[in-house]
Structure formats: C-alpha cells, structure tokens
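Work through these short exercises with the model open. Each task is followed by a stepwise solution.

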Amino acid sequence: ETNVIYCSDASYDLKTKEAGLGIKNLTTGVSHSVALSASSVQEAEEFALLEAINHAILHRHRNCIFVYDNISIDTASIGAFYANAFEM
C-alpha cells in the first residue's frame, strides 16, 4: 500500500472543557469529526491524533503518515503502543 496521509487537529474550550476534533485522510478525501470532553488542550490534541490512528486501523491502512500541530504529544509512547498495527 502507498502511504496514506492523515491530518488531525483539535479545538478546545477551557471554560466548558469541551473539544472538537477533526481528522482528514488526504489520500482518500474522507473527513471525520467528533466532540468530547477533555481536561486540557494538550489532551484534546492527543485525542485528535488517536482518532486519526484509530480511523486508519478501522480502514486497514498499514502505511500511514500522521500530521498534527502539537509538538508536545508523547508520540514515542503512542508509536510503541500501535507499532503492530502498521507496517510503517
């Protein structure tokens, strides 16, 4: 399979502790969004990345590139947890 590219982002409201998550598969054009509660903007951004990863697994994409805009996400732990789900 060629690389499948996912973009993810979150919008967080500190007052309500609600977040809107958006993901887009740039390869297929499929978009997905979800609203949920989060404790911080950091957690909301991490949830958005996890949503993209789970979407890729659900659709059986094995070679993925995940693009996100929060440098402080613990991608090492996430990568280790999901390592067996992907070829690359």
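**Exercise 1.** How many residues lie between β1 and β2 in their hairpin, and which residue in the turn has a positive phi?

Solution. The model is predicted. Step 1: β1 and β2 form a hairpin with four residues between them. Step 2: Lys 17 in the turn has a positive phi of about 60°. Step 3: check the pairing. β1 and β2 (residues 18-25) run antiparallel, joined by eight bridges. One pair to locate is Ala 10 with its bridge partner Leu 21 in β2.

**Exercise 2.** Find the faces of β1 and the direction in which β1 and β4 run.

Solution. Step 1: β1 spans residues 4-13. Step 2: its covered face holds Val 4, Tyr 6, Ser 8, Ala 10 and Tyr 12. The uncovered face holds Ile 5, Cys 7, Asp 9, Ser 11 and Asp 13. Step 3: four bridges join β1 to β4, and these strands run parallel. Cys 7 stands opposite Val 67 in β4.

**Exercise 3.** Why is Cys 64 not bonded to the sulfur of Cys 7?

Solution. Step 1: a disulfide needs two cysteine sulfurs within 2.5 Å. Step 2: the sulfur of Cys 64 is 12 Å from the closest cysteine sulfur, in Cys 7, so it is too far for a bond. Step 3: the disulfide count is zero. Step 4: compare exposure. Cys 7 is partly exposed at 27% relative accessible area; Cys 64 is buried at 11%.

**Exercise 4.** Where is His 61, and is His 61 buried or exposed?

Solution. Step 1: His 61 sits in the loop between α1 (41-58) and β4 (64-67). Step 2: its relative accessible area is 12%, so His 61 is buried. Step 3: beyond its neighbours within four places in sequence, His 61 contacts residues including Val 4, Tyr 6 and Phe 86. Val 4 and Tyr 6 belong to the covered face of β1.

Terms used
Residues are numbered from 1 along each chain as its sequence is written. This is a predicted model: local features need pLDDT of at least 70, side-chain atom pairs count only at pLDDT 80 or more; totals for chains, interfaces and linings use all residues. Side-chain values use heavy atoms; hydrogens and water are left out. Buried means under 20% relative accessible area, exposed over 50%, partly exposed in between (1.4 Å probe, protein chains only). Helices (H or I, at least four residues) and strands (E, at least two) are DSSP runs, numbered from the N terminus. Contact means heavy atoms within 4.5 Å. Two strands pair if DSSP finds at least two bridges between them.
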